[in-house]
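This report is written for a reader who meets the structure here for the first time. It takes up one helix, then several strands, some backbone details and a cavity.

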Amino acid sequence: MRRIVLWLLLLLVGLPAWAEAPDSPQDLQQECAPRVLRTEAAPAEGPSNARPAAGWEEVTLPDMWARRWPHHDGSAWYRIDWERTCAAGTGGTASAPLALGIDGISVAGEVYINDDLLWRDASLAEPLSRSWNVPRWWLLPESALREGVNTVWVRAVGMPALSPGMGALRLGSATAVSEKYRQALWRQRTVYFINAVLCAMASVLFLLIWVLNRQERAYGWFGLMALCWMAYLSTYLAYTQWPWPDSLTRSRFSLVALVFYVLSVCMFTFRFGRQRLPRVERVLWSLAVLGTVMAVLAPREHAGQWFGLVWQGSMAVFLLNCLQFQWHAWRPQRQGRNLQHMTLAVCWLVFAVVAFNSFFSVFDRWQVARDWAALSGVLVIGLLMLLLGGRFARQLRNVRRFNLELRERVEQARAELSQALAREQAQAVEHAKLQERIQLAHDLHDGLGGSLVRSMALVEQSPPTLPSARVLSLLKGLRDDLNQLIDHGSSAAALVPQTPLQWIAPLRHRITRILDEIGIASEWHIAPQWLGALEQDGRPSALQCLLLTRMVEEALSNVIRHSRAHHVWVKVEQPDAEQLCVRIEDDGIGFDLQDVQRAGQSVGMRSMAARAERLGARFTVDSSPGATVVLVELRLQPSDWRPQ
């Protein structure tokens, strides 16, 4: 960064010398060099724009005829009389080819040597060609030259608001004129082209950075500044008025681009320097709007004065911005001076000197190398790209450092999370074991326990001596219940019964025989078909069927053991394809549900409630003397249901 500051100081010292290197008469001095006798100008007369016969005034090139004839609109003629300083045959070089060079014609024009047309712009009517910043040179044909005095006629076409006139003229050998042409081409074209390329690169790069990181507004304003400067540079580089319809419209656009360039410079300076100046910003926006309105609405007859006010106002704002930042960057601050701010301050100081020089030589339009536009572009874009690039690189380093710290903390958090997950996994394993034990207890109670209770009831009500076949039948029933309990783990993969009748048939067969033997009449009302069976919808899963079977078994076991009922009704129905209802009702003595729940003695009741929770079903019990109803309402969702 210190090297950048040193280079800026060197540029500040050497810049005026490079910018103000005029052509000296000795540059083209040679043996038998042409000598200019006089240079005159006169406004064109009438719509024909013919060469005027009178009204000639002596002028010095470069010249702008709008100063002399501020109300003249159209074109003016320049007359340059010259002669050779020696003749052929005297030992000189009078017969050597001569060349003519002109730095530019504003806005367009044509050139004659004596009465012969030497060159003419493509368009001398609106939209005019643009030759004002285009140096040219030509070899003078010997056939068009005369003995003695020769005349170069130049017609410059433009309007007063656009500073029409003619640039510097050179007469001499082809070698000398072409060399000066190359120098002028560098100053008037190449420098601006480099500026435009840098501006395009900077605008794309930093606007993209701003889009990716909206908080860094300095990048966005810098990208907009480069974009506006590139638009302003089109005035210096364009050969035609395209895409604008005429010269005045293009000048309006160029001036608007300059206004917003200065606004962007100020906003970039505030954002880069961390300055909070809300009132100043509001004033700048107001001035930018005012300048834009003046540039766009300026009447043609007073456009020159309005354009001059906008241009000088823009330069004044630019200078004030550069100067105020000097105080901001160099004043003592609590945190100490910021090297980036000081570098930008030195950069703005350079441009302030150049802009100050241009501000007080606003009418010297033909010394393009002295114009601040030729100098500020390359320096401001290049150096500010270095400044912003350095800031962006530091931000990337900070982001990289933050990422490293974040990675370390993430690894630490991951290790802590792994330990926590290990503890939770151990707890989950213990919880799963406990759940399995509870589930096994429920299955033993509802399945094998229910069978034992029913068998005990049969034995109690049978004769003292039971036949062997009867005992064997009871043992086989217990074996079947035990096998069903063992197969519980694979029941989810079993096939779903085709109808509710097929599902309830095995249970109905076993329970009905017991109920008949103990004197309890039973009625079974079973839906004949699953609703929606053809669409594979409206049917419970195999696991749901198993859990419902266990609940029905437990409910009927309670009827056998405790109800003292004479009748029991079992009803299985489907009100719709998404709901299955199972209802078990008896006419027994009933019980007090709240007392049973408070006493905590009903293992079967808890088992049924737990199974209903696993099913996601609604389980209700209603009991009173003479009527006890157990109701299970299950929502059927075959595709989404998962066991809990």
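In this predicted model, P500, W503, I504, L507, I511, I514 and L515 are the buried residues of helix α11. An α-helix has 3.6 residues a turn, so residues three or four places apart point the same way. Helix α11 itself takes in residues 500–517, 18 residues in all, and from its first C-alpha to its last it reaches 25 Å, which is close to the 26 Å expected at 1.5 Å a residue. At P506, helix α11 bends by about 35°, and after the helix comes G519, whose phi is positive, near 85°.

**Strands and their partners**

Strand β13, residues 521–526, runs parallel to strand β14, residues 567–576, and 6 bridges join the two. Strand β14 is also joined to strand β15, residues 579–586, but here the strands run antiparallel and the number of bridges is 7. The connection from β14 to β15 is a hairpin that passes through 2 residues. One residue of β14, V570, appears in both pairings: V570 is the bridge partner of W524, and in β15 the bridge partner of V570 is I584.

An open sheet of 3 strands is found as well, with the order β3-β11-β6 and antiparallel pairing. Because β3 (63–64) and β6 (105–106) each have a single partner strand, they stand at the edges of this sheet, and one side of each is left without a neighbour there. Between β3 and β11, the latter being residues 165–166, there are 2 bridges, and the two strands run antiparallel; D63 has M166 in β11 as its bridge partner.

**Backbone details in the loops**

Most residues other than glycine have a negative phi, and most peptide bonds are trans. Against that background, the table gathers four places in the backbone, two with a cis peptide bond and two with a positive phi in a residue other than glycine.

| Place | Feature | Angle |
|---|---|---|
| S106 to V107 | cis peptide bond | omega near -5° |
| E126 and P127 | cis peptide bond | omega about 0° |
| N114 | positive phi | phi near 60° |
| S163 | positive phi | phi near 55° |

Each of these places can be found in a named loop. V107 has its place in the loop between β6 and β7 (108–113), while P127 is found in the loop between β8 (116–120) and β9 (136–140). N114 is in the loop between β7 and β8, and S163 lies in the loop between β10 (149–158) and β11. Is N114 buried or exposed? With a relative accessibility of 3%, N114 counts as buried, since the cut-off for a buried residue is under 20%.

**A cavity and its lining**

Rolling a probe the size of a water molecule over the atoms shows where empty space is left. When the whole structure is searched in this way, 2 cavities of 30 Å³ or more are found, and the second largest cavity has a volume of about 30 Å³. Which residues line the second largest cavity? Its lining is made up of I102, G104, I105, W119, S131, V134, R136 and W138, and by class these divide into 5 nonpolar, 2 polar and 1 charged residues.

Definitions and conventions: Residues are numbered from 1 along each chain as its sequence is written. This is a predicted model: local features need pLDDT of at least 70, side-chain atom pairs count only at pLDDT 80 or more; totals for chains, interfaces and linings use all residues. Side-chain values use heavy atoms; hydrogens and water are left out. On a 1 Å grid over the protein atoms alone, a cavity is a set of points where a 1.4 Å probe fits but cannot get out, and a pocket is an open set with protein on both sides within 12 Å along at least five of seven lines; lining residues have an atom within 4 Å of a point. Grid points are joined across faces, edges and corners, and a volume is the space filled by probe spheres set on the points. Ala, Val, Leu, Ile, Met, Phe, Trp, Tyr, Cys and Pro count as nonpolar, Asp, Glu, Lys and Arg as charged, and the others, Gly among them, as polar. Two strands pair if DSSP finds at least two bridges between them. Helices (H or I, at least four residues) and strands (E, at least two) are DSSP runs, numbered from the N terminus. The expected span of a helix is 1.5 Å times one less than its number of residues. The bend at a residue is the angle between axes fitted to the seven residues ending there and the seven starting there. Buried means under 20% relative accessible area, exposed over 50%, partly exposed in between (1.4 Å probe, protein chains only).
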